[in-house]
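Student: I am new to this one. Can we go through how its descriptions are justified?

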Amino acid sequence: VLGKTHKFWETQPVGQFKDIGNTSLAEGPIEQPTPLSEVKQEPYNLPNLYEWITCDIDSEEMCMEVYKLLTNNYVEDDENMFRFNYSKEFLRWALRPPGYFKSWHIGVRVKSSKKLVAFITGVPARIRVRDDIVTMAEINFLCVHKKLRSKRLAPVMIKEVTRRVHLENIWQAAYTAGVVLPTPISTCQYWHRSLNPKKLIDVGFSRLGARMTMSRTIKLYKLPDSTVTPGFRQMELHDVPAVTRLLRNYLSQFAVAVDLDENDVEHWLLPTENVVDSYLVESPETHEITDFCSFYTLPSTVLGNQNYSTLKAAYSYYNVSTKTPLLQLMNDALIVAKRKDYDVFNALDVMQNETFLKELKFGPGDGKLHYYLYNYRLRNPLKPAELGLVLL
Ligand SMILES: CCCCCCCCCCCCCC(=O)CSCCNC(=O)CCNC(=O)[C@H](O)C(C)(C)COP(=O)(O)OP(=O)(O)OC[C@H]1O[C@@H](n2cnc3c(N)ncnc32)[C@H](O)[C@@H]1OP(=O)(O)O
Ligand SMILES: CN(C)Cc1n[nH]c2ccc(-c3ccc(F)cc3OCCn3ccnc3)cc12
């Protein structure tokens, strides 16, 4: 893969494979900002049949078009058995954080039919890289319709979102992908904890273990009906200041982490039905908030199964333990997810997650998730445990 040429990415201010190991290159921004008057004012050229459209995600009609494009053309697993099925309410949550720019929700449609055929988004985020707090764009939902693949549309989408981000005087970005590009700042492993093993085996997500019966497998993954930690409850609006303090302190230990203020915590972590769930431990004695855990809801469409059409998956988001052992806190998260009828609970080996994965019966997934920074060089890749950033 290192021998591969990257005709587009070799033109971009990102770590290049040829520079791996070259410790004489300084850490930090690769290119300096350009004066806003020198940023290209007009959109990049598209092939003749297509036009840019700024997607107003507040519009039910436009949100539905984006939802349908992603439902039919977004990320599939390596065996093409599942495809992410982000819900409309999830997309509105993901794309409208504090300070968001509508102009960073970019679509491409066919001039004649007005059909949406491609999409890419950015949202602003403050990301700390070691001691440097940088306002970046988090880039996500890059999607080209299956019928328009391998036509070099993606580089145009990426250049256009870069141009629009530059117009807001932002010069760095963060993104993740299942594919290897120049050059990952970290490569993470994802893990799955079965909650409904019978369905997971039926859809082909998991296989019955050797010398295992179905009833033995169901018993292996069984969870109690109720959580065990005293004071474990759903987060509420009045908890935002305490949760913000808890999270900021916890995330300060990681080399790269999101820098969340109270507005960000209210948006990203206050429970939203079918989108994000968050729980905390309030000490029954002192009423102090000592621990926090959260997961987001991202179903996958099951491709080609007679009995099931969708897999209900929870994805570990941000978790903090200061009093309750992380193992016990995450087991309570599993118990809640099971009670809410999730089929599987997924987690990356970022932050301190690898301390609980095996013990809570997570199994390793079949792929990796690579983390990237745009226009910011790190001298060496980070271990997943040095990352305090989860992208949706
Ligand atoms: C300062 C602000 C900066 C903001 C911008 C920051 C950067 C943001 C970067 C974006 C972050 C997105 C994060 C995100 O959304 C999360 S990763 C999920 C990406 N989406 C999917 O996988 C959905 C299904 N696949 C598709 O829709 C297409 O296959 C896509 C559109 C992926 C590529 O369409 P295609 O028809 O298959 O391919 P061509 O058009 O012919 O283009 C080929 C070129 O595209 C490069 N490519 C392929 N996949 C990529 C990927 N996932 N990231 C970046 N680059 C990717 C590839 O290496 C090649 O370049 P090279 O020749 O140099 O190797
Ligand atoms: C992060 N965000 C940018 C979406 C995204 N893009 N590319 C990806 C590649 C892997 C994962 C991922 C992350 C965590 C996890 F537990 C399982 C995952 O994928 C399983 C394989 N799969 C793909 C579709 N349906 C199932 C996410 C993504």
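Student: What makes the pair formed by K151 and ligand 1 a polar contact?

Tutor: This is a predicted model, so keep that in mind. A polar backbone atom of K151 is 3.5 Å from an oxygen atom of ligand 1. The cut-off for N or O pairs is within 3.5 Å, so the pair counts.

Student: Which distance separates an oxygen atom of ligand 1 from a polar backbone atom of V144?

Tutor: The distance is 2.9 Å. A backbone N or O atom of F8 also lies 2.9 Å from an oxygen atom of ligand 1.

Student: How do you know how much of ligand 1 the protein buries?

Tutor: Start with the ligand by itself. Taken alone, ligand 1 exposes 1200 Å². The protein buries 88% of that area.

Student: Which residues come nearest to ligand 1?

Tutor: They are H6, W9, L142, S150 and A154, out of 33 residues around ligand 1. The elements giving two or more residues to this shell are β5 (132–144), α3 (153–166) and β6 (172–177). The largest share, 7 residues, comes from α3.

Student: What classes of residue make up the shell around ligand 1?

Tutor: There are 21 nonpolar, 8 polar and 4 charged residues.

Student: Now ligand 2. What makes L392 a polar contact of ligand 2?

Tutor: A backbone N or O atom of L392 lies 2.8 Å from a nitrogen atom of ligand 2. The limit is within 3.5 Å, so this pair qualifies. As for burial, ligand 2 taken alone exposes 570 Å², and the protein buries 90% of that.

Student: How many residues surround ligand 2?

Tutor: The shell holds 15 residues, with F84, T176, Y190, N346 and L392 the closest. By class, the shell around ligand 2 has 8 nonpolar, 5 polar and 2 charged residues.

Student: On to the helices. Why are α6 and α7 called roughly perpendicular?

Tutor: Two packed helices are described by the angle and the distance between their axes. The axes of α6 (residues 240–251) and α7 (residues 262–269) cross at roughly 100°. Angles of 65 to 115 degrees count as roughly perpendicular. The two helices therefore earn that label. Their axes come within 9 Å.

Student: Which residues of α6 and α7 meet?

Tutor: From α6 come V240, P241, V243, T244 and L247. They meet E262, V265, E266 and L269 in α7. This contact has 6 nonpolar, 1 polar and 2 charged residues.

Technical notes
Residues numbered from 1 in each chain as written. Chains lettered and ligands numbered in written order. Predicted model: local features only at pLDDT ≥ 70, side-chain atom pairs only at ≥ 80, totals over all residues. Heavy atoms only, no water. Near = heavy atom within 4 Å. Polar contact = N/O pair within 3.5 Å; in protein donor to acceptor, adjacent residues only side chain to side chain. Areas by Shrake-Rupley, 256 points an atom, 1.4 Å probe, with all protein chains shown as cover. Nonpolar A, V, L, I, M, F, W, Y, C, P; charged D, E, K, R; others polar. Axes fitted to C-alpha atoms, helices over the stretch in contact; angles between N-to-C directions. Helix = DSSP H or I, 4+ residues; strand = E, 2+ residues; numbered from the N terminus. Parallel < 35°, antiparallel > 145°, perpendicular 65-115°, else oblique. Contact = heavy atoms within 4.5 Å.
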